[in-house]
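Q: Could you take a close look at one part of this structure with me? I would like a connected walk through a single strand and then through its wider setting.

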Amino acid sequence: MPNLVRRALLSVSDKTGIVEFARELKERGIELLSTGGTAKLLTRHGVAVKEVAEHTGFPEIMGGRVKTLHPKIHGGLLGRRGVDEEVMRDHGIEPIDLLAVNLYPFAATVARADCSYDEAVENIDIGGPAMIRAAAKNHASVTVVVDPGDYRSLLDELAANQGSTREVMRQKLSAKAFAHTAQYDAMVSAYFAGVIGGGIPTFPDDLNLSFRKHFDLRYGENPHQQAAFYKDPRAIGASVTQANQIQGKELSYNNIADSDTALECVRQFAMPACVIVKHANPCGVALADTITDAYARAYRTDPTSAFGGIIAFNRELDAATASAILERQFVEVILAPAIAKDARTLLKSKDNIRVLEVGDMTKPVAQLLEYKSVAGGLLVQTRDDRVLSAQELRVVTKRQPSPAELDDLLFAWRIAKYVKSNAIVCVKDRTTLGIGAGQMSRVVSSKIAAMKAKDEGLSMESAAMASDAFFPFRDGLDAVAEFGIKSVIQPGGSMRDADVIAAADEHGIAMVFTGMRHFRH
């Protein structure tokens with residue numbers, strides 16, 4: 001049933017729209033209570049408020065740690081209309097009908113590189129969550145709003161119902177309020193878990209996840225599946241989540257997944273680089289002196305698969321590169337740290353292309369966990385962000401790789417990390433020649449990589465090859481030798497390593513072991 005709003009308490013960290021909201025409440029004759037910075041802001045803008053300390057008769061103490069933790073506040077929020085009036089009168093507790101509170105910016109605070117432990121602790125809100133939960137619990141009598149985006153609809157609700165709110169509105173807002181405090185507690189819990197682990201992600205007995213909906217998607221991986229895109233409020237650094245979409249249709253589920261793969265792959269390289277992804281796998285990757293040349297070489301690997309793909313760069317997208325893309329192919333998404341003004345002008349001719357400006361890729365990315373759902377549960381792991389140096393490789397064959405081969409081997413190894421297993425990546429001169437992905441047999445993946453190179457007229461002679469996991473038998477080396485491969489990088493660790501090494505020596509192949517694998521499922 002409708003609940004008349006006579007008194008409201010406003011105490012917000014995010015002050016977006018609060019002045020306008022308070023002013024309209026005041027115009028409706030609603031008494032306003034407020035605290036600290038919110039009260040000062042409203043007073044400065046000519047909105048009369050009553051300080052909570054005056055309302056309770058008890059001052060803020062302990063540097064503001066204790067200000068709303070008082071029976072006159074919580075009794076006013078929790079008091080049941082028609083049940084608790086007598087006890088409220090006995091103790092001088094006046095009902096609070098509307099609460100507008102949002103919490104200290106804990107995630108933003110701890111994401112700062114210079115945030116100290118003590119500062120993080122001080123940004124743990126106590127009074128705010130207590131008030132929100134009290135009001136949300138008593139939503140039969142109290143309206144609680146935690147999102148500035150809901151101010152307008154709440155004001156419209158009051159206008160349409162003679163200053164009252166309907167139960168359905170209060171229920172909706174209370175559900176959002178509990179989600180707000182749950183998200184906050186999850187962020188605090190995650191921070192302490194990280195501190196206890198010395199910055200290394202830990203796996204607690206109870207995993208509390210905190211993600212906020214970024215936007216709804218038209219559908220999921222397939223049109224009959226529903227989907228939404230959520231963002232981790234703790235995430236920092238260049239990502240699809242943080243990107244600014246310059247133009248184009250809204251991103252789809254598959255666009256987002258493929259864009260993430262392309263971005264994570266391209267950010268590994270210091271030289272100008274281009275990565276083209278199709279159906280979750282890189283289909284062309286290249287390094288060059290300019291991104292225009294890098295794109296041309298990446299595209300040359302597999303023009304057929306590049307059609308309708310995702311293209312990512314680790315440098316600003318210029319007009320020359322944008323023009324080359326438009327001349328050659330249809331593209332779903334283009335990602336780059338920045339998009340030059342003249343490139344934007346060119347891309348407008350194809351306004352359906354989704355263009356994402358992701359920001360500075362050189363900034364460190366937060367070490368976050370990866371999650372994969374299974375029926376009735378969740379798999380959690382750290383990200384596969386290990387980058388090997390040449391000094392960590394172990395040469396196991398008679399022939400040592402040349403400096404140029406070593407460079408190509410490391411290049412191929414970095415790409416293999418983003419190719420679905422079983423992954424085979426063949427390269428030459430920092431350019432992919434053929435990629436075999438997602439096969440049950442490593443030999444078949446090798447044959448697919450060779451077939452793709454052959455289809456595009458690319459020679460595998462003296463090329464380098466990366467395998468994401470070890471070769472269990474020598475037949476893998478025998479197969480790639482037939483294609484012309486002369487250097488191989490792989491984890492090693494098979495029971496038959498000796499046979500595989502012998503095969504490499506027979507074919508004059510230089511082979512190095514990494515001691516680590518890069519499965520990707």
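In strand 15, which residue is the bridge partner of Ile334?

A: Happy to help! The model is a predicted one, and in strand 15 the bridge partner of Ile334 is Val355. That pair belongs to the parallel pairing of strand 14 (residues 331-336) with strand 15, which runs over four bridges.

Strand 15 also pairs with strand 10. Strand 10 covers residues 244-247, and its pairing with strand 15 is antiparallel, over three bridges. Here Asn244 stands opposite Glu357 of strand 15. Strand 15 itself takes in residues 354-357. Arg354 and Leu356 point one way from the strand, Val355 and Glu357 point the other way, and all are buried. Val355, the partner of Ile334, thus points the way Glu357 does, and Glu357 is the residue that Asn244 faces.

From there, let us turn to another pair of strands. Strand 19 (residues 424-428) and strand 20 pair in the antiparallel sense, with five bridges. Within this pairing, Cys426 has Gly434 of strand 20 as its bridge partner. The two strands form a hairpin with two residues between them, and there Asp429 takes a positive phi near 55°. Strand 20 spans residues 431-436, and six of its six residues are buried, so it is largely enclosed by the rest of the structure. On the other side of strand 19 in the sequence, the loop between helix 16 (403-416) and strand 19 holds Asn422. The peptide bond leading from Ser421 to Asn422 is cis, with omega near -10°.

Some other backbone angles are worth a look too. Gln162 has a phi near 55°, a positive value in a residue other than glycine. Gln162 sits in the loop between helix 9 (151-160) and strand 7 (164-165), and its relative accessibility of 65% makes it count as exposed. Ala280 is another non-glycine residue with a positive phi, in this case near 75°; its place is the loop between strand 11 (273-278) and strand 12 (281-287).

Now for the helices. Helix 12 (residues 291-301) packs with helix 14 (residues 319-328) at an angle of about 25°, the axes being 8 Å apart. That angle makes helix 12 roughly parallel to helix 14. Their crossing is right-handed. From helix 12, the residues Ile291, Thr292, Tyr295, Ala296 and Tyr299 meet Ala320, Thr321, Ala324, Ile325 and Arg328 of helix 14. Sorted by class, the residues of this contact are seven nonpolar, two polar and one charged. The spacing of such positions has a simple background: an α-helix has 3.6 residues a turn, so residues three or four places apart point the same way.

A second helix pair has another geometry. Helix 1 and helix 2 pack at about 70°, with 10 Å between their axes. That makes helix 1 roughly perpendicular to helix 2. This crossing is right-handed as well. Ile18, Val19 and Ala22 of helix 1 make the contact with Thr38, Leu41 and Leu42 of helix 2. Five residues of the contact are nonpolar, one is polar and none is charged.

Helix 2 can be followed further. In helix 2 (residues 36-44), the buried residues are Gly36, Thr38, Ala39, Leu41 and Leu42. Thr38, Leu41 and Leu42 also belong to the contact with helix 1. What covers the buried residues of helix 2 includes strand 2, helix 1 (18-27), strand 3 (31-34) and strand 4 (50-51). Just after helix 2 comes Gly46, which takes a positive phi of about 80°.

Strand 2 (7-12) turns up again around helix 4, where the cover of the buried residues includes this strand along with helix 3 (52-56), helix 5 (85-90), strand 5 (98-102) and helix 8 (127-137). Those buried residues of helix 4 (residues 71-78) are Ile73, His74, Gly75, Gly76 and Leu77.

Finally, here is the wider setting. The protein has 19 helices and 23 strands, and its C-alpha trace spans about 95 × 50 × 40 Å along the principal axes. Of its 521 residues, 49% count as buried. Among contacts with a separation of 6 or more, 58% join residues 24 or more positions apart.

How values were computed:
Residues are numbered from 1 along each chain as its sequence is written. This is a predicted model: local features need pLDDT of at least 70, side-chain atom pairs count only at pLDDT 80 or more; totals for chains, interfaces and linings use all residues. Side-chain values use heavy atoms; hydrogens and water are left out. Buried means under 20% relative accessible area, exposed over 50%, partly exposed in between (1.4 Å probe, protein chains only). Contact means heavy atoms within 4.5 Å. Axes are lines fitted to C-alpha atoms, for helices over the stretch in contact, and angles run from 0 to 180 degrees between N-to-C directions. Angles under 35 degrees count as roughly parallel, over 145 as roughly antiparallel, 65 to 115 as roughly perpendicular and the rest as oblique. A crossing is left-handed if the near helix is turned anticlockwise from the far one by less than a right angle, and right-handed if clockwise. Ala, Val, Leu, Ile, Met, Phe, Trp, Tyr, Cys and Pro count as nonpolar, Asp, Glu, Lys and Arg as charged, and the others, Gly among them, as polar. Two strands pair if DSSP finds at least two bridges between them.
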